[in-house]
Amino acid sequence: MTVITRHSEFYLEDGSITLQIEDVLYKLHISLLRKFSVVFKDMFSMPPSSSQPNHHEGMSDESPVKLGLPFTVKKMDYLLWWFMCRYSSNLPPLEGLVSILELGTFLQIDVARSFAIQALSTDSLNLSPAWQLSLALRFHISDWIELAFKALVATPAHRLSLEDASFLGLTIMHIIHSTQSEIRHLRLVLAYNPLKMDKHDVLCKRPALGCQASWEAAWWDGFARHYLHPDHPCTPLEALAKFESANIAGVTTACRLQAVEFIRDHGVFDREYGILEEGLKLLKKFEGTVVGV
């Protein structure tokens, strides 16, 4: 037989509402719960049912308001820590911040949710992009989704760990790997097909043989090597910036800058950003769902 016990800290003798989570009773101030939580405000404003007009749930230990999932004693304790100690300079552990985020989201306690998001964003916690994306999708943290997704796509596939996969689950990992593969294929095509220099500066004396040939050689040495780097590949704009500042033997400065300007103006590399946006759009369909294991 389950023994119901009063919480050692959060059963307040002057409390006005009794809650039961698992086998523990909480007695709290209903005014405080109503003040911060939209859900509690609505819940405790409901009149008694017509079948039990004299029954007031939550008014005694014998008839507490029973809260099931996602509530657990541990999660509720962390949320109540926030109620009592939210101005403290000491933060709860990662588990506690995630609990405050979860119940703050569920109960629509915006200030608790904001507190948890801000605390989880601190450099000291150093959350991995996989952790960030998992939490962002589950708890609608829109600002994190794009940043975490782009960081994961930019991470070489062999560096994504089993732990990352456990946070994200098969479907989200598939979206990440598919996006990586599409971008990798596009980069290979662009790297192995140097842009033809259709226009040359008036001072360029050998446009067909000297300038074009030097440009093609430099395309690999000055651009593609950065663009295809196995560990730290540059973005298109970063790679082009390196190329733009390089001195290329056999290519006049005007010809080089003219070619780079053409690349920028005509969106030669825009497809990569399009692939990222397509992956992000697909990913956002899973916002609000529990991912991982």
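Strand 2 (residues 17–21) and strand 4 run parallel and are joined by three bridges, where two strands pair if DSSP finds at least two bridges between them. Helices (H or I, at least four residues) and strands (E, at least two) are DSSP runs, numbered from the N terminus. Within this pairing, leucine 19 sits opposite valine 65 of strand 4. The model is a predicted one, in which local features need pLDDT of at least 70 and side-chain atom pairs count only at pLDDT 80 or more, while totals for chains, interfaces and linings use all residues. Residues are numbered from 1 along each chain as its sequence is written, and side-chain values use heavy atoms, with hydrogens and water left out.

Let us widen the view to the sheet. It is open and has four strands in the order 1-3-2-4, with mixed pairing. Strand 1 (5–11) and strand 4 (65–67) are the edge strands, each with a single partner strand, so one side of each has no neighbour in the sheet. On average, neighbouring strands are turned by 35° against each other, direction ignored. Axes here are lines fitted to C-alpha atoms, for helices over the stretch in contact, and angles run from 0 to 180 degrees between N-to-C directions. Helix 3 (residues 73–85) packs on the sheet and touches strand 1, strand 2 and strand 3 (24–28), contact meaning heavy atoms within 4.5 Å. The direction of helix 3 makes about 20° with that of strand 3.

Strands of a sheet pair through backbone hydrogen bonds, either parallel or antiparallel. Both senses meet at strand 3: strand 1 pairs with strand 3 in the parallel sense over three bridges, and strand 2 pairs with strand 3 in the antiparallel sense over five bridges. On the strand 1 side, threonine 5 stands opposite valine 24; on the strand 2 side, leucine 19 faces tyrosine 26. The hairpin of strand 2 and strand 3 has two residues between the strands, and glutamate 22 takes a positive phi near 55° there.

How covered is strand 3? Five of its five residues are buried, that is, under 20% relative accessible area, with exposed meaning over 50% and partly exposed in between (1.4 Å probe, protein chains only). In a regular strand the side chains alternate between the two faces of the sheet. Here Val24, Tyr26 and Leu28 point one way, and Leu25 and Lys27 the other. Tyrosine 26 has 0% relative accessibility and therefore counts as buried. Setting aside neighbours within four places in sequence, tyrosine 26 has contacts that include His7, Phe10 and Tyr11, as well as Val73, Met76, Asp77 and Leu80. A look at valine 202 gives a sense of distance: its C-alpha atom is 84 Å from that of tyrosine 26, with the two positions 176 residues apart along the chain.

Now for the rings. The whole structure holds nine aromatic pairs; rings of Phe, Tyr and Trp (its six-membered ring) pair if their centres lie within 6.5 Å, and planes under 30 degrees apart count as stacked, over 60 as edge-to-face and the rest as tilted. Phenylalanine 71 and phenylalanine 106 form an edge-to-face pair because their planes stand at 85°, with the ring centres 5.8 Å apart. This pair links the loop between strand 4 and helix 3, home of phenylalanine 71, to helix 4 (residues 94–106), where phenylalanine 106 lies, 35 residues apart. Phenylalanine 71 is buried at 6% relative accessible area, whereas phenylalanine 106 is partly exposed at 41%.

Tryptophan 131 and phenylalanine 167 make a tilted pair, 4.8 Å centre to centre with 50° between the planes. Tryptophan 131 belongs to helix 6 (residues 129–139) and phenylalanine 167 to helix 8 (residues 162–191), so the pair ties together parts 36 residues apart in sequence. Tryptophan 131 is partly exposed at 22%, and phenylalanine 167 is buried at 16%. Elsewhere, ring pairs link Phe36, Trp82 and Phe83 into a cluster.

Helix 8 also leads us to the largest pocket, since it gives the most to the lining, with five residues. Helix 7 (142–154), helix 8 and helix 12 (270–283) each supply at least two lining residues. The lining has 21 residues, and Val153, Ala154, Ile183, Arg187 and Pro233 lie nearest the centre of the pocket.

Methods:
1 Å grid on protein atoms, 1.4 Å probe; cavity = no way out; pocket = protein on both sides within 12 Å on 5 of 7 lines; lining within 4 Å.
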